Amino acid sequence: MTPPTSPHRNSNPTATTTRTPTRRYAAPEARRGNALHAGAWWLWALGLATAASRTTNPLLLGLIIAVAGYVVAARRTAAPWARSYAAFLKLGLFVIGLRLLFSVLLGSPIPGTHVLFTLPEIPLPAWAQGIRLGGRVTAEQLVFAFYDGAKLAALLVCVGAANALANPARLLKSLPAALYEAGVAVVVAMTFAPNMVADVARLRTARRLRGRPTGGVKAVLQIGLPVLEGALERSIAIAASMDARGYGRTARVPPAVRHTTTVLTLGGLLGMCAGTYGLLAAEGAAYGLPVLLVGLALALAGLRLGGRRSVRTRYRPDRWGVRAWLVAGSGAAVAAALVYASGADPQALRPGVVPLTAPVLPLWPAAAVMIGLLPAVVAPVPGPAGGPPPAPPPAAPKPAAPGPGPTPRRAVPHYEQRKEASQ
């Protein structure tokens, strides 16, 4: 039996032991096999957008924008479409400014007593009742315009978050076969703005390196022509690649299947519209949900039958795993909580402007919005440049300890080895 050794025996006082904390519950790094489904990002973003559409409270809208921005900063890659989030933020600020400008120039039906300034009013004919140009500008109408512009800006930011996080090519692969043709048009439309933003940034960097100005009307005109030319060349290249891959070919199906598909799809869409109207109207709350569910089932059946005409195949389709359910479920939870809060406490989610009061942040709706931060924890972490992390460099061999070693063997030429083997 080996006697226990002392903890201070044969110990190096200068050596330190570093323990790496275990990340048992942390999200893994993004690989090709565990990448998050692109549809999960869109469902999460649409959930945040639905929540933003139910409130005009600037504090809640700012919290929704902050949640979306944090998730984008934590989980976006270095792909071209991931750089468009800043453009959507600037677009949201532009929308707020434009809404305030229209309120100042065209007036507002909101009555107010706090007059800030008065513009010269232009008289309009009798058929333009309800519209005025100029006149007095009150603080109430500006606050109301700011609330409306902030809600629209939050919707744009949520869409920009989905554009920055979801891979459009993989989203197109995940669409049902019946929606593939329409999905191509939608994906091309969604990728046009991010690619245009990337082209503008690339051209501005090139002009800056050449010592040319990047601001002003002349510089914008000189940058705009190459951007439009690049967009046209990209469209031609996409069309050529689609034609080379046989895009648009359909399989032959019986006429009865085609007619059944048309009836199911149209009937399902009409049922969904009628059910949605029933849910929104106060009179149709009883039949709204059943009609919506029946219409959804008919539409899904029609899409299922319509997919038989598509002859395309899928290579390594994305899987909808537990993490995708968590990401999509967090957005749905935020939407459901804000929809319920808009009916339970409408004053907190839609603060009034007459009389003019400061908005108050409701506690439990704000806590519900924080559920949208879940993708920043459960979604896979993108590697460098949006791809898998590089392999670690091989460790350098340790130098041999000095001292007498074994005698090295003499290198024997090949012809001597063959001679010895023949003997």
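Accessible areas here come from the Shrake-Rupley method with a 1.4 Å probe, and for residues only the protein chains shown count as cover. With the whole chain in view, about 27600 Å² is exposed, and carbon and sulfur atoms supply 66% of it. This is a predicted model, where local features need pLDDT of at least 70, side-chain atom pairs count only at pLDDT 80 or more, and totals for chains, interfaces and linings use all residues. Residues are numbered from 1 along each chain as its sequence is written, and side-chain values use heavy atoms, leaving out hydrogens and water.

Now colour by secondary structure: you will find 14 helices and two strands. These are DSSP runs numbered from the N terminus, with helices being H or I of at least four residues and strands E of at least two.

Next, select W41 and W44. Within the largest nonpolar core, which has 43 residues, these two touch the most other members. Such a core is a set of buried Ala, Val, Leu, Ile, Met, Phe, Trp, Tyr and Cys residues joined through side-chain atoms within 4.5 Å. Buried means under 20% relative accessible area, exposed over 50%, and partly exposed in between (1.4 Å probe, protein chains only). Helix α1 gives this core its largest share, 10 residues.

Stay on W41 and show its surroundings. Beyond neighbours within four places in sequence, the contacts of W41 include L36, V71, A162 and V327; contact means heavy atoms within 4.5 Å.

Finally, go to helix α3 (residues 85-106) and pick F102. Is F102 buried or exposed? F102 falls in between: it is partly exposed, with a relative accessible area of 43%.
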